[in-house]
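Please examine the model displayed below, together with its sequence. A series of questions and answers then leads through it.

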Amino acid sequence: MTTTLEADVDWKRVCTVDEIPILGSRVVNSPAHGAIAVFRNGDGEVFALRDRCPHKAGPLSQGIVHGKTVTCPLHSWKIQLEDGQAVAPDVGCTKHFPCKVEDGAVFLQL
Amino acid sequence: MRKLKLVMVGNGMAGVRTLEELRKIAPDMYDITVFGAEPHPNYNRILLSPVLAGEMTIQDIILNDLQWYADNEITLHLGKKITQINRTQRKVVAEDGTEAEYDRLLLATGSNPFMPPIPGKDLPGVISYRDIKDTDEMIDAAARYKHAVVIGAGLLGLEAANGLALRGMDVTVVHIADWIMERQLDRTSGKMLESALAKKGMKFALNKQTAELVAGESGRVCAVRFKDGETIPADLVCIAAGIRPNVELAEKAGIHCDRGIVVNDTLQTYDPRVYAVGECANHRGTAYGLVAPLFEQAKVCANHLAMFGIGRYQGSVTSTKLKVTGIDVFSCGNFSGGEGTEDIVLHDPGAGIYKRVVLKGDKIEGAVLYGDTKDGSWYFQMLKDGQDIREIRDHLLFGNSHLGDAGHKGANSAAAMPDEAEVCGCNGVCKGTIVKAIKEHGLFSLEDVRKHTKASSSCGSCTGLVEQILASTVGGAYTPADSSSKAICGCTDLSHGDVRKAIRDQKILSAQEAIATLGWKTPNGCATCRPALNYYCLSTWPHEALDDPQSRFINERAHANIQKDGTYSVVPRMWGGLTTPDELRAIADAAEKYKVPTVKVTGGQRIDLLGVKKEDLPGMWSDFAKAGMVSGHAYGKSLRTVKTCVGAEHCRFGTQRSMDMGVKLEKMLFGMWSPHKVKLAVSGCPRNCAEAGIKDVGVIGVDSGYEIYVAGNGGIKTEVAEFLCKVKSDEEVMEYSGAFIQLYREEAYYLDRTCHYVQRVGLDYIKEKVVNDEANRKALYERLLFALQGYKDPWIEHAETPVLRRQFENLSV
């Protein structure tokens with residue numbers, strides 16, 4: 001999660017936290033950025049990544065979430081939710097989007 | 001609270017591994033100081049021979065660079081030899097006067113080369129083979145001199161001789177015994193190795209005792225003279241006559257030593273503040289010289305230093321692998337035999353193959369292999385597991401090698417493969433890439449190699465080859481884990497067996513509860529352990545355990561099979577492979593309505609619709625539901641299909657109504673989750689058109705009833721199903737098959753197919769539980785039926801339940 005002083009207009013409400021299953025995700029369709037996976041982990045934190053594994057473009061939203069990581073459903077690469085980086089020894093990165101929760105609602109900065 | 005002070009004397013592989021383990025489990029408990037006598041950080045001593053052979057450089061074999069010590073806040077004193085331990089004041093003193101106080105002291109002083117008292121052993125040009133300095137000296141000598149003599153034909157001596165020969169020296173190996181490597185090989189394999197090495201240009205002087213090393217005019221050694229009077233030229237003499245634990249420091253400090261610093265099962269010496277690990281330690285009478293046991297010691301020692309107090313080191317069985325390119329030698333355990341043992345021997349001198357497995361009763365005592373070592377780790381595994389080999393005794397020597405049938409062009413010997421040969425056909429990894437990764441990253445385990453190269457990480461059929469490559473690259477350092485005690489994943493130290501037992505004994509009802517009560521190291525497990533835990537809870541406590549969709553792989557969560565482009569495939573169930581015009585019409589309609597790009601007939605007699613968008617799944621399902629069709633579970637660790645032939649209903653040869661029997665079995669097992677996928681087949685006569693011989697349960701009709709076969713497999717490695725029993729009626733087929741499948745569901749480890757499970761427990765055990773014990777069979781069958789009671793078709797359930805349907809609905813901004 002990121003706190004930033006940029007103008008509120010950048011923050012887009014996508015859903016309530018409860019609409020994302022714990023240790024699960026939802027897909028947000030963005031006209032500008034394509035599919036974005038929004039994850040909720042076991043500690044109630046929310047993260048957003050481009051829904052494309054850096055390995056072979058697998059949909060990360062469909063993976064298993066654990067700690068602050070998601071395992072891609074296609075070939076089990078592990079991607080860090082905070083920065084989109086692949087867990088070593090794999091190398092690669094997918095775009096991450098700033099994300100926050102306010103009054104039970106999830107906002108993405110796009 | 002003040003941090004405790006830990007001082008380590010010695011900076012080698014066992015010691016540093018202990019620190020790595022300790023920092024992992026108790027990162028802040030100690031201030032750590034390390035004293036190393038050599039001027040280098042921790043390096044991979046095993047790989048000195050490739051350095052000598054010119055295949056690698058010193059830089060390549062550094063395991064922990066200086067940055068690692070800094071990152072882990074470890075104070076490192078290089079080139080400082082500790083000369084004194086003051087146990088009353090609890091401090092150590094180095095040669096140059098540097099002192100360090102300790103609360104705990106870890107001795108990892110390694111070993112010294114044994115120098116036999118030969119006159120002339122101190123001459124210039126006479127060295128041992130132990131560290132980087134010795135290696136440099138040999139490389140330097142190889143560039144300037146011609147004749148090298150290696151005294152001692154053990155593992156180290158032969159690797160030194162091989163390296164020197166590769167560097168162009170004329171090398172003679174001198175050995176006191178009748179054959180080389182007599183501690184690791186028997187006479188036959190020793191002689192085979194000798195002639196292979198001789199072909200590479202090495203000379204041997206066996207049965208020879210060295211009388212004197214003779215000095216030349218320059219003062220440097222120039223010759224070796226034997227007791228029988230013969231003299232051979234020598235500009236370089238490398239003495240590799242074994243190693244002795246380095247106990248000088250400990251002995252001087254009054255710590256009990258006896259061929260090593262004596263330690264207990266927690267690696268403590270007689271002074272409980274002082275620990276010892278590695279080659280310097282004597283545990284239950286053995287000082288180990290191979291890396292694998294030392295790493296086990298490191299783990300236990302770290303556990304105790306972290307005050308966890310649960311680990312015990314109970315000794316290791318070791319195996320030997322010689323690292324000389326192109327030559328495969330393997331031995332483990334007691335390979336020489338003796339009273340009460342039997343040998344099974346295969347010797348083919350023409351092909352250069354020799355295999356000897358030593359048995360005691362029904363268990364393997366030891367093995368020695370030459371030329372074809374691909375089954376070394378299999379024998380070693382069975383030796384360590386104490387597995388009963390009675391049933392496989394007749395084909396034991398022909399091996400198993402864990403290799404799949406395809407994907408590596410049928411090659412099954414790693415040594416014979418060139419570097420560019422493909423080992424892993426799934427991920428396109430060749431031998432050279434694997435060897436390079438092992439060397440560059442200092443890998444020791446199969447898991448590490450999988451992580452770094454992906455080799456054998458997909459279908460796993462090349463695991464046996466990858467193990468061979470690993471074993472021949474790191475030598476004796478590679479030890480497969482005991483399969484019975486191998487941890488599920490990095491989140492826990494517990495094995496599958498431990499976890500199954502705990503879930504049963506403690507009545508654990510969900511994956512999350514298991515993670516919390518069984519001391520998992522991670523907050524929510526990982527993609528490996530969570531699905532296993534979820535399955536174990538569900539199969540142990542049906543109707544009580546909580547099924548967690550987030551602990552299931554996407555296919556089971558979405559009830560469809562994910563494809564490479566993120567679309568899904570949908571397979572409606574066709575009971576026994578039978579369908580109707582109405583069903584076919586519904587399938588055709590759905591394919592058109594949802595613009596399905598590919599429609600295919602599967603190997604299990606079903607129709608597969610490929611390329612369906614996730615959003616379209618609920619709609620497609622409800623269309624199928626209207627036509628009376630349910631999920632085919634073609635995506636799950638579950639009952640997949642019951643394949644049938646036409647049978648007595650139509651076939652002129654049919655003896656039993658196989659379609660009918662197949663439909664009954666499939667209806668009985670509908671909705672069954674299992675450790676891995678389960679496939680059945682029913683054939684109406686012994687012509688077996690339904691291919692029942694390669695199914696988890698295969699039923700073959702004969703005139704007088706049915707034969708039931710179990711644990712076949714048609715995939716990665718073809719396994720022919722084994723005959724379980726013969727029965728008379730349809731009801732008995734259901735009961736016996738059901739009981740077998742329930743036993744598998746209750747006892748197998750997650751992702752084991754029935755063939756793996758039956759290999760582990762043995763067919764006799766299955767027969768005992770399912771065929772001979774009627775009460776147990778009926779109880780198993782009842783438990784299966786109970787577990788499957790009231791199962792709802794997931795397609796209807798998911799299409800109708802808003803919370804479950806949510807995953808198919810995307811959000812927008």
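The following questions and answers concern a predicted model, taken chain by chain.

Q: How many helices and strands does chain A have?
A: Read along the sequence, chain A follows the pattern β-β-β-β-β-β-β-β-β-β. The count for chain A is therefore zero helices and 10 strands, where a strand is a DSSP run of at least two residues.

Q: What is the radius of gyration of chain A, a chain with 110 residues?
A: The C-alpha trace of chain A spans about 35 × 25 × 20 Å along its principal axes, and buried residues make up 42% of the chain. For 110 residues, a compact globule would have a radius of gyration near 13 Å. Chain A agrees with this expectation, as its own value is 13 Å.

Q: Which residue forms a cis peptide bond with A:Ala88?
A: The bond in question has an omega of about 5°. The partner of A:Ala88 lies in the loop between strand S7 (78-80) and strand S8 (96-97) of chain A. That partner is A:Pro89.

Q: Which element gives the largest share of the side of chain A that touches chain B?
A: Between the chains, 26 residues of chain A are in contact with 18 residues of chain B. On the chain A side, the elements that give two or more residues are strand S1 (11-16), strand S2 (24-30) and strand S5 (64-66). The largest share, six residues, comes from S2(A).

Q: Between which domains of chain B does the largest nonpolar core lie?
A: This core has 139 residues, and B:Leu107, B:Val150, B:Val237, B:Cys238, B:Ile261 and B:Val277 touch the most other members. Helix H8 (residues 291-305) of chain B gives the largest share, nine residues. Two domains both give residues to the core, so it lies between domain 1 (4-110 + 245-305) and domain 2 (126-241).

Q: How many residues belong to the second, separate core?
A: Nonpolar side chains tend to be buried together in soluble globular proteins. The second core includes B:Leu533, B:Tyr536, B:Ile700 and B:Ala721. Its size is 92 residues.

Q: Are H20(B) and H23(B) roughly parallel or roughly perpendicular to each other?
A: The axes of helix H20 (residues 730-747) and helix H23 (residues 774-788) of chain B come within 8 Å and cross at roughly 75°. Among the residues that meet are B:Tyr736 and B:Leu743 in H20(B), and B:Leu780 and B:Leu784 in H23(B). Angles of 65 to 115 degrees count as roughly perpendicular. The two helices are therefore roughly perpendicular.

Q: Is B:Leu443 buried or exposed?
A: B:Leu443 is placed in the loop between helix H10 (431-441) and helix H11 (446-453) of chain B. Leaving out residues up to four places away in sequence, B:Leu443 touches B:Ala437, B:Ile438, B:Asp448, B:Val449 and B:His452. A residue needs 20 or more other C-beta atoms within 10 Å to count as buried. Because B:Leu443 has 22 such neighbours, B:Leu443 is buried.

Q: Is B:Glu73 buried or exposed?
A: B:Glu73 lies in the loop between helix H3 (66-71) and strand S3 (74-78) of chain B. Its phi is near 50°, a positive value in a residue other than glycine. A residue with 12 or fewer other C-beta atoms within 10 Å counts as exposed. B:Glu73 has 12, and therefore B:Glu73 is exposed.

Methods
Residues are numbered from 1 along each chain as its sequence is written. Chains are lettered from A and ligands numbered from 1 in the order in which they are written. This is a predicted model: local features need pLDDT of at least 70, side-chain atom pairs count only at pLDDT 80 or more; totals for chains, interfaces and linings use all residues. A nonpolar core is a set of buried Ala, Val, Leu, Ile, Met, Phe, Trp, Tyr and Cys residues joined through C-beta atoms within 7 Å. Helices (H or I, at least four residues) and strands (E, at least two) are DSSP runs, numbered from the N terminus. Domain bounds come from an automatic or database domain assignment. The radius of gyration is taken over C-alpha atoms; the globule rule is 2.2 Å times the number of residues to the power 0.38. Axes are lines fitted to C-alpha atoms, for helices over the stretch in contact, and angles run from 0 to 180 degrees between N-to-C directions. Angles under 35 degrees count as roughly parallel, over 145 as roughly antiparallel, 65 to 115 as roughly perpendicular and the rest as oblique. Two residues are in contact if their C-beta atoms, placed from the backbone, lie within 7 Å.
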